[in-house]
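Here are my notes after a look through the model you sent over. I've kept them as numbered points so you can check each one against the picture.

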Amino acid sequence: YCGGCAANASNWDTIHLMLGFDSVGLRQLHQSMAEAVSMFRAAGPGIRSDDVLYAHSTVQYLCCLTLEQLGIAAAVLAAHPLPRTPVRFEQVICETASFIALADNASQVTLGMYVAGVEDALLAAGVPVRKRRATQAPFHTTLATFGAEYAEHAAAALAAVNARFAENATAGGAFNAAPIEVSGVLLLPD
């Protein structure tokens with residue numbers, strides 16, 4: 001997202017959704033993520049990492065900002081609190097050597113409207129937004145990343161995981177039937 005950064009600039013800073021601390025929906029998501037990652041690992045060698053212990057969803061990547069711009073971005077976020085938003089995760093897709101669980105349509109719409117407003121406020125305050133979130137991957141949580149040696153297993157593993165979690169979809173959500181109440185965002189250095 002960044003390319004080259006100017007001197008005295010932070011390279012990768014992200015706005016992350018806080019997926020709650022302890023809720024039924026979050027426990028369901030963690031359990032589903034662990035099961036999906038186990039299925040991916042059983043399909044063949046080459047899974048490099050997983051985010052089971054750090055389930056999150058990135059709102060926006062803010063790249064190449066000065067410390068002053070980071071301070072402005074933090075103030076913009078404080079002035080634009082995320083309304084309590086229920087989020088459910090459903091289908092898994094493969095995106096750039098990663099398996100990701102997509103947020104459902106209702107979550108996509110709500111989060112998209114919120115982020116567009118924050119981006120407008122950041123731009124109005126003089127903080128560059130290199131790439132609008134609407135032009136990036138949909139809102140998701142990353143399950144696992146893999147290397148080239150896993151590529152031959154990826155399609156079959158993805159189909160198996162989606163088939164397994166499609167069984168849960170009738171209960172209201174493939175990965176978490178109970179919604180996760182997302183109650184805020186956090187600006188973190190990456």
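**Notes on the model**

1. Gly112 comes out as partly exposed, at 25% relative accessible area. This glycine sits in helix H3. Keep in mind that we're looking at a predicted model. If you want a long-range pair to click on, try Gly112 with Val59: they are 53 residues apart in sequence, yet their C-alpha atoms are 8.8 Å apart in space.

2. On to the sheet. Four strands make up an open, antiparallel sheet, and the order across it is E2-E7-E6-E5. Strand E2 (47-50) and strand E5 (89-94) are the edges, each pairing on one side only. From one strand to the next, the twist averages 25°.

3. How is E2 joined to strand E7? The two run antiparallel, with 3 bridges between E2 and E7 (residues 140-146). To find the register on screen, start from Ser49, whose bridge partner in E7 is Thr145.

4. Helix H1 (residues 24-43) lies across E2, E5, E6 and E7, and it runs at about 25° to E7.

5. The largest nonpolar core has 49 residues. Those with the most contacts inside that core are Leu29, Phe40, Val92, Phe99, Leu143 and Phe175. In soluble globular proteins, nonpolar side chains tend to be buried together. Leu29 is a good place to start looking: beyond its neighbours within four places in sequence, Leu29 is in contact with Leu19, Ala55, Phe89, Thr141, Phe175, Asn176 and Ile180.

6. Asp104 deserves a second look. Asp104 falls in the loop between strand E6 (98-103) and helix H3 (105-124). Asp104 is buried, but has no salt bridge. Why not? Arg88 is the nearest side chain of opposite charge, and it is 4.8 Å away, whereas a salt bridge needs the nitrogen and the carboxyl oxygen within 4 Å. Leaving out residues up to four places away in sequence, Asp104 touches Arg88 and Glu90.

7. Two residues with positive phi turn up in the loop between E5 and E6: Thr96 and Ala97. Phi of Thr96 is near 50°, and Ala97 has a phi of about 60°; neither Thr96 nor Ala97 is a glycine. Are they buried or exposed? Thr96 counts as exposed, at 71% relative accessibility, while Ala97 is partly exposed, with a relative accessible area of 33%.

Key. Residues are numbered from 1 along each chain as its sequence is written. This is a predicted model: local features need pLDDT of at least 70, side-chain atom pairs count only at pLDDT 80 or more; totals for chains, interfaces and linings use all residues. Side-chain values use heavy atoms; hydrogens and water are left out. A nonpolar core is a set of buried Ala, Val, Leu, Ile, Met, Phe, Trp, Tyr and Cys residues joined through side-chain atoms within 4.5 Å. Buried means under 20% relative accessible area, exposed over 50%, partly exposed in between (1.4 Å probe, protein chains only). Contact means heavy atoms within 4.5 Å. Lys and Arg count as positive and Asp and Glu as negative; His and the chain ends are not counted. Two strands pair if DSSP finds at least two bridges between them. Axes are lines fitted to C-alpha atoms, for helices over the stretch in contact, and angles run from 0 to 180 degrees between N-to-C directions.
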